[in-house]
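Me: I would like a close look at one part of this model, followed by an account of how that part fits into its surroundings. Here is the structure I have in mind.

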Amino acid sequence: MTARHSESSLRVVLGVTGGIAAYKAVQIARSLVTKGHQVTVIPTASALKFVGRPTWEAISRSDVPVDLFDGVAEVTHVALGQQADLVIVAPATANFLAHYAHGTAEDLLGTTLLATTAPVVLAPAMHTEMWENPATTENLAALVARGIHVIGPEAGPLTGTDSGPGRMSEPEDIVDYALSVVGPRPLAGQKVLISAGGTREPIDPVRFIGNRSTGAMGVALAQAAASLGAEVTLVHGALEVTPPRGVECVFAPTAADMHTEMTARFPDSSIAIMAAAVADWSVEPAAEKLTKDEAGSWPEMAQTPDIAAELGASKTAEQRLVVFAAETTADDEELLARARAKMQSKSADVVVANRVGEQVGFGQTDTAVWIVQRSGAPVLSTGSKLTVAGHLFDVLLSP
Ligand SMILES: Cc1cc2nc3c(=O)[nH]c(=O)nc-3n(C[C@H](O)[C@H](O)[C@H](O)COP(=O)(O)O)c2cc1C
């Protein structure tokens with residue numbers, strides 16, 4: 001995502017807590033320093049077991065206070081927080097979230113956070129069981145309610161052999177998101193409506209017609225819109241990623257549900273983005289599980305409502321409609337021709353065209369899309385889904 005912060009140097013406190021992902025926070029410190037910001041790293045005692053003080057000092061090019069009673073003459077325990085323009089904690093452990101939610105001040109990171117009025121961005125990282133524990137959920141909810149910003153975690157490989165939600169977001173995404181939080185908020189006061197994930201059309205009580213969408217693109221769009229100050233509603237079907245905090249989430253498992261929720265909310269929204277993979281067909285589901293022998297008598301398929309076309313038809317001059325077009329064609333010209341045809345048929349302002357397939361698009365961290373507008377050349381956007389989401393908002397916000 002293109003960060004919208006001012007070009008001047010920021011005083012950034014980077015809190016690092018004791019998780020394996022601490023090694024990735026080195027890249028966060030390096031990136032911030034490379035961008036010209038002054039970085040003070042505050043590692044917790046546990047974080048120092050993963051990455052040592054010399055690494056933090058070398059990378060941040062700054063002294064690294066590690067003890068609450070370091071720098072007493074400079075009142076370091078509160079001064080770093082008071083002077084900071086931005087505080088990032090990455091990785092944020094379950095233990096840290098519990099401490100921060102309760103405002104404890106037994107180490108330098110705790111006192112710094114209590115003393116700061118700067119925006120705070122947390123990037124949690126932990127095993128799925130710890131992440132999904134109600135204690136962690138409640139601690140995080142309390143922090144979000146106080147205006148703390150959170151990015152991730154994402155689903156993916158964790159330490160050891162397991163995989164699932166709990167993996168820290170990518171370092172560059174954390175940097176971009178954190179810098180966008182302190183930047184201008186061009187979408188402040190605007191409502192952005194985003195659909196995400198795949199719908200599931202029930203066939204009978206146990207089967208459904210579904211698709212490979214994970215919802216990651218829609219979730220990245222919601223994160224980007226929220227960081228630009230928008231009031232975001234995410235209408236989602238099946239998601240394999242954690243929706244961002246601070247965003248209103250509405251579960252719409254079927255195409256019909258998504259139609260209801262999107263059309264009801266569209267009149268109040270200034271931007272609507274259809275990123276969900278909505279089933280084109282549904283069936284009248286059987287009340288009982290269909291047997292193998294009944295296969296021939298399975299219900300007829302019927303087309304689902306065309307949500308994007310309906311939003312396009314009711315759109316006012318002030319509203320913008322963005323429609324995603326997932327295509328399997330290998331030919332870029334064909335992809336762009338279909339995107340333009342979709343722009344016409346849905347009365348969309350922007351079409352985001354991407355190639356999908358078993359190994360492409362769905363579930364991948366990085367993506368490549370064409371952003372097609374009514375006038376001007378299409379823009380190829382590549383990178384993480386958060387980066388691509390940022391490019392799309394850059395296009396929507398450019399005069
Ligand atoms: C090898 C190892 C890896 C750990 N990884 C994590 C982690 O990723 N996330 C987490 O919340 N805790 C993790 N922990 C547990 C924390 O290190 C522990 O809760 C510690 O008290 C955190 O201290 P801090 O929050 O003050 O940094 C890990 C522990 C060990 C031994």
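Leaving aside its neighbours within four places in sequence, which residues is Ala 225 in contact with?

Reply: In this predicted model, Ala 225 is in contact with Leu 187, Val 192, Ile 194, Ala 230, Val 232 and Phe 393, once its neighbours within four places in sequence are set aside. One of these partners, Ile 194, is also named, together with Ile 88 and Ala 225, among the residues with the most contacts inside the largest nonpolar core, a set of 113 residues. Helix α10, which spans residues 216–227, supplies the largest share of this core, namely 9 residues. Because domain 1 (11–182) and domain 2 (191–285 + 298–397) both give residues to the core, it lies between them.

Two further parts add to this picture. In helix α12 (residues 307–314), the buried residues are Ile 307, Ala 308, Leu 311 and Gly 312; they cover an arc of only 135° around the axis, and therefore lie on the same side of α12. The general geometry is that an α-helix has 3.6 residues a turn, so residues three or four places apart point the same way. The buried residues of α12 pack against the helices α11 (255–265) and α13 (332–346), and against the strands β13 (271–274) and β16 (320–327).

As for the ligand, 15 residues surround it, and the closest are Thr 17, Gly 18, Gly 19, Ser 46 and Thr 93. Helix α5 (residues 94–101) gives the most to this shell, with 3 residues, while by class the shell has 8 nonpolar, 7 polar and no charged residues.

Key:
Residues numbered from 1 in each chain as written. Predicted model: local features only at pLDDT ≥ 70, side-chain atom pairs only at ≥ 80, totals over all residues. Buried ≥ 20, exposed ≤ 12 C-beta atoms within 10 Å, placed from the backbone. Helix = DSSP H or I, 4+ residues; strand = E, 2+ residues; numbered from the N terminus. Arc of directions from axis to C-beta. Contact = placed C-beta atoms within 7 Å. Core = buried A, V, L, I, M, F, W, Y, C linked by C-beta atoms within 7 Å. Domains from an automatic or database assignment. Near = placed C-beta within 6 Å. Nonpolar A, V, L, I, M, F, W, Y, C, P; charged D, E, K, R; others polar.
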